[in-house]
Amino acid sequence: MKGTNLGEFEELVLLTIAALVQEAYSVAICDELEKHTGRVSKLGVVHTVLNRLEEKGLVKSRMGEATSARGGKRKRYYEVTQTGKIGLMRAKEVRDGLWNIIPTFNIEIA
Amino acid sequence: MKTNSKKESQENSHPPRWAQRFLAWYCRASLLEDLEGDLNEYFDRNLRMKGARYARMIYMIDVLKFFRSYTVRKPDFLNLQIHYLMIGSYVRTSRRSLVRNKLFSFINIIGLAVSMSVGLLVIAFLADVHAYDDFQEKKDRIYRVITHQQGGTGAGMDLASTSVKVGRKLRETIPGVEDLTIIRGGFSGDAQIGESTFPLEAKWADQSFFKVFTFPLVAGDPASALKEPYSLVLTQETAKKLFADADPMGQTVRFDTLDYMVTGIAKDVPHLSHLRFDALISFASADATNGKTDQYFYNWDSVWSNYVYLTLPEGESPAGVQRALDRLSAEENKTLRDQRVNVSLQPLKDVTLGNHMSNNIGPATSPLTVWTLVGLASVIILSACFNYTNLSIARSLRRSREVGMRKVMGAQKSHVLGQFMAESVIVALLALLISFVLYYLFLRKEFLTLGPDISELVTLDLSVRSVLCFVIFAVVTGLAAGFLPAMFLSKISAVTVMKDTSGLKIFKRVGLRKTLIVVQYTLSLIFIATTMIGYGQYKGFLNFDLGFTTENVLNIKLQGNDAAVLKKELAELPEVREISQSMMITSVGSAYGALMKYQPGDSAMVWQNMIDEHYLPVHKHNLLSGANFTLRPEKGKESEVIVNQQVLKRFNIAGQDAQKALGHFVTIDGQKLAIVGVLKDFHYGTVENKIEPVIFRYAGSQPRGYLNLKIASQDQDATLAKIENVWKKFDKIHPLDARFYDNQIEGAYSQFSIMLKMIGFVAVLAICIASLGLLGMVVFTIETRLNEISIRKVLGASETELVYLLCRGFLLLLAIAAVIALPLTYLFFDKIILTRFAYHQPIDLSDLLGGSVLVMLLAFLMIGSQTMKAARNNPAKVLKSN
């Protein structure tokens, strides 16, 4: 069942799509990821991941309206599917479960 | 400046177009649009923040980076399958269309067939040339040692031959050579077997010969057959000639006074071998004969008759041996005076198709010749393709409905494209059948009989490879011819055609069609003008005033016989007026040099001929001063020389005064000779070369030379027959070798006549093809304008006016072609070709124009007859039937 498991980056992208709601298209996702993680996200990497997520059925996409920006090319908007949402919830549950059994967790401030 | 930079920035503020096109080409349609948009967005962002150059670079990198398995389009199998299913339909419609338009099909198929037959010839020629020496098992590892010889300050000579010494040195002192064999050419003698005698030519070769080369022996041991002195290896054919059906092994063959033993029988040499022999004699025999008597035999600069071939171990580069050869050359050249001899390695595959080399051991051709042939064939084929393109586009109006219908039924652009490409390939394959017949029955034989050099070089036999090449060639020709019309037809939109054909932008292509006609006629005119000028010049060469007379002079090769007896018998024939002797025949391209010295320290090469006292009168040479040879010295005791004006000029003898020069002494090849006569300059070489210093020396008897007979009779054949009778009684072994001087001169220029015949043939083809194409276009134009013509006629236009109206456009095209072609040809000859000939006639304008007028007349005739026919039509009939 390896195929249904979420990788770390996949999870991040999926979360970003959910967070962006109506505005989730590739460039915006890259920007948002960069803003939150502080790491540079390459379009090529994100594009591959989006493609894979769609193959797994975790997201679905639709084409937007054509505008004068982007050389008149339409954007592809992504949306998290039901399966995607379940996948995200499960990932969160796994983490929460683990967090809950940690007794104390001190970050020492040096 | 400002506008300039603005324009530049505009160009730069756009993503690189090739990258955009590449992306659109490879990317799947479902992913393409938003990916393009994303890249555009990043591009704009980078443009604003980091500048145009950076943005463009990132765009390019991204496009390349997105070339991944999930973005790349899969091949469209459905489409391919449809093409496959439709092939039957393509063939059917093609056949119908061919049958429906007989004239156009005829023009297309015949034009293509004629031009392709030339293409087949060139392909067969190339296949043969490239197949040379393929049977050699070690062909990738065999190298030949070649020589660059330079005496004095000249450009030097590239020789295929080299010295015995370099072979020995290579074998003894240079590591990295696997096997090496030394070959020497030029053995010729009469083989005596019992009572019978056969003339035989052979090569000397040493015992490693069969290690380097793959020439299988049917009898004898390849390792030792050429080891002992006086061993002889015969080919099967030679053995049959010499011994008939007896077993030749171990038999003796006598040459002169020496007995040779047959130690091996080799299979006959394949035709496509640059190295050919009838018999091989062990090199040890040469060591024992020539090597003993000839001081020069083992010298470093004795580079004229020996050939060295070697094999390197597998995977070895020749660079190491080459370096060793360079060192060897440098070392040996120190011992030479006034000349340098450098040796280098040449791979076996460059031997036949390499740059020109003197002293070649077998047939060879140069890349230039090959490219010329390919060029000529391409021009012709292109011309026929133009016809196809032209006529198909012109006629596309007729087939636009069909295309429209197909599109309505669901054909895509690629399907229509495929259909028309398939059609042109079918036409090309039909043409291939005809062209093959033309080629095999006619062209091949004509080409092989053009000259002895050609049949020596190639056989043009069919092989699987060449036939395969023929088919591929036909398919490629079909694709090339059909591409433009297929593109044009596949772009037709169904809606426009079905609604109204007049909306079709067929006449937008008129410019292209006119250009193609102009190109065709320009090429045709260039070829015909080249042929005519070339022929004029060639005639000029043959009738050139050489400074002496060659008329009615018959040259007989003595072939080793003593002249005295023969001379006496021939002199009794009433037709023979006078007989002289000479070592060689001048003005036909061969040359013999001698070293001449006048003042101490100033020596130079002069050309020489050895003659007897009758030579000057027979050839009517012009003596400016002095007289003919008077003394008749024995061999080696000569004291006189006759020189030409150039000798006086070169050595500045007696202030170049012919009278005063008499009696001056010059040293020639170490002998001191007195000038007894000065000749007016004449042509010793061919007219390509300037007249150079020439001397005549006396020699009473020259068994290797010629007899020059002055013939009085007009009946050349009868005289020749009588002479042959005399010869047969005199020499029973060798057939008579007698040729008229004028024919020999013609032979010296045979390469030009071959060239002319080929270009002339190409010219005729080009004209025929261009005329066919023009005819097609005229017929088509008239057909489409028939209504217009009829209405004009009804309204009162005269026939002349109509003919003029229809002709005008075509005549203009022909005029443009002539204006381009004629000056171009003139300049080409004047500035390039004729500068290579030291002596030539000026270009005759009538030659330049004559052919063109002929071509033009042909075109007028065609246009005229068709337009006349159209203009004479009864307008009522035409208008009613529509």
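User: What places the mean positions of the positive and negative charges of chain A apart, and how many charges of each sign are counted?

Analyst: The model is a predicted one, and the values are computed from its atoms. In chain A, 17 positive and 14 negative charges are counted. Lys and Arg count as positive, Asp and Glu as negative. The mean positions of the two sets of charges in chain A are 6 Å apart.

User: What are the corresponding values for the charges of chain B?

Analyst: Chain B holds 96 positive and 81 negative charges. Their mean positions are 13 Å apart.

User: How do you know what radius of gyration a compact globule of 110 residues would have, and what is the value for chain A?

Analyst: The rule takes 2.2 Å times the number of residues to the power 0.38. For a compact globule of 110 residues the result is near 13 Å, but chain A has 16 Å. The value for chain A therefore does not match that of the globule rule. As to its outline, the C-alpha atoms of chain A fill a box of roughly 55 × 40 × 20 Å along the principal axes.

User: What makes up the secondary structure of chain A, and in which order do the elements run?

Analyst: Chain A has four helices and two strands. From the N terminus the order is α-α-α-β-β-α. Of its 110 residues, 35% count as buried, that is, they have under 20% relative accessible area. Chain A exposes about 7300 Å², with carbon and sulfur atoms supplying 56% of that area. Among its contacts with a separation of 6 or more, 51% join residues 24 or more positions apart.

User: What are the numbers of helices and strands, and what is the box, for chain B?

Analyst: Chain B has 31 helices and 22 strands. Its C-alpha atoms fill a box of roughly 100 × 75 × 70 Å along the principal axes. Of the 882 residues of chain B, 49% count as buried. Residues 24 or more positions apart account for 79% of the contacts in chain B with a separation of 6 or more. The accessible surface of chain B is about 43500 Å², and 58% of it belongs to carbon and sulfur atoms.

User: Why is strand β6 of chain B called largely enclosed by the rest of the structure?

Analyst: Strand β6(B) covers residues 231-235, and five of the five are buried, so the strand is largely enclosed by the rest of the structure. In a regular strand, side chains alternate between the two faces of the sheet. In β6(B), B:S231, B:V233 and B:T235 lie on one side, with B:L232 and B:L234 on the other. These residues are all buried, and both faces of the strand are covered.

User: Which strands pair with β6(B), and in what sense?

Analyst: Two strands count as paired if at least two bridges are found between them. Strand β8(B), residues 258-266, is joined to β6(B) by five bridges, and the two run parallel. Strand β9(B), residues 279-282, pairs with β6(B) over three bridges in the antiparallel sense. Both bridge counts satisfy the cut-off, and therefore both pairings stand. B:L232 takes part in each: its bridge partner in β8(B) is B:V262, and in β9(B) it stands opposite B:I281.

User: Why is B:E724 called buried, partly exposed or exposed?

Analyst: B:E724 has 33% relative accessibility. Buried requires under 20% and exposed over 50%. The value falls in between, and therefore B:E724 counts as partly exposed. The residue is in helix α25 (residues 716-730) of chain B. Its C-alpha atom is separated by 54 Å from that of B:P318, which is 406 residues apart along the chain.

User: What makes the phi of B:L460 and of B:N552 notable?

Analyst: Neither residue is a glycine, yet phi is positive in each: about 60 degrees in B:L460 and near 60 degrees in B:N552. B:L460 lies in the loop between α17 (452-457) and α18 (464-490) of chain B, and B:N552 in the loop between α20 (510-542) and β12 (553-557). B:L460 has a relative accessible area of 0% and is therefore buried. B:N552, at 19%, is under the 20% limit and so also counts as buried.

User: Why is B:S790 called buried or exposed, and what is it in contact with?

Analyst: The relative accessibility of B:S790 is 3%, so the residue counts as buried. B:S790 is in helix α28 (residues 786-794) of chain B. Leaving aside neighbours within four places in sequence, B:S790 is in contact with B:P875, B:V878 and B:L879. Contact here requires heavy atoms within 4.5 Å.

Methods
Residues are numbered from 1 along each chain as its sequence is written. Chains are lettered from A and ligands numbered from 1 in the order in which they are written. This is a predicted model: local features need pLDDT of at least 70, side-chain atom pairs count only at pLDDT 80 or more; totals for chains, interfaces and linings use all residues. Side-chain values use heavy atoms; hydrogens and water are left out. Buried means under 20% relative accessible area, exposed over 50%, partly exposed in between (1.4 Å probe, protein chains only). Accessible areas come from the Shrake-Rupley method with a 1.4 Å probe; for residues, only the protein chains shown count as cover. The place of a charge is taken as NZ of Lys, CZ of Arg, CG of Asp or CD of Glu.
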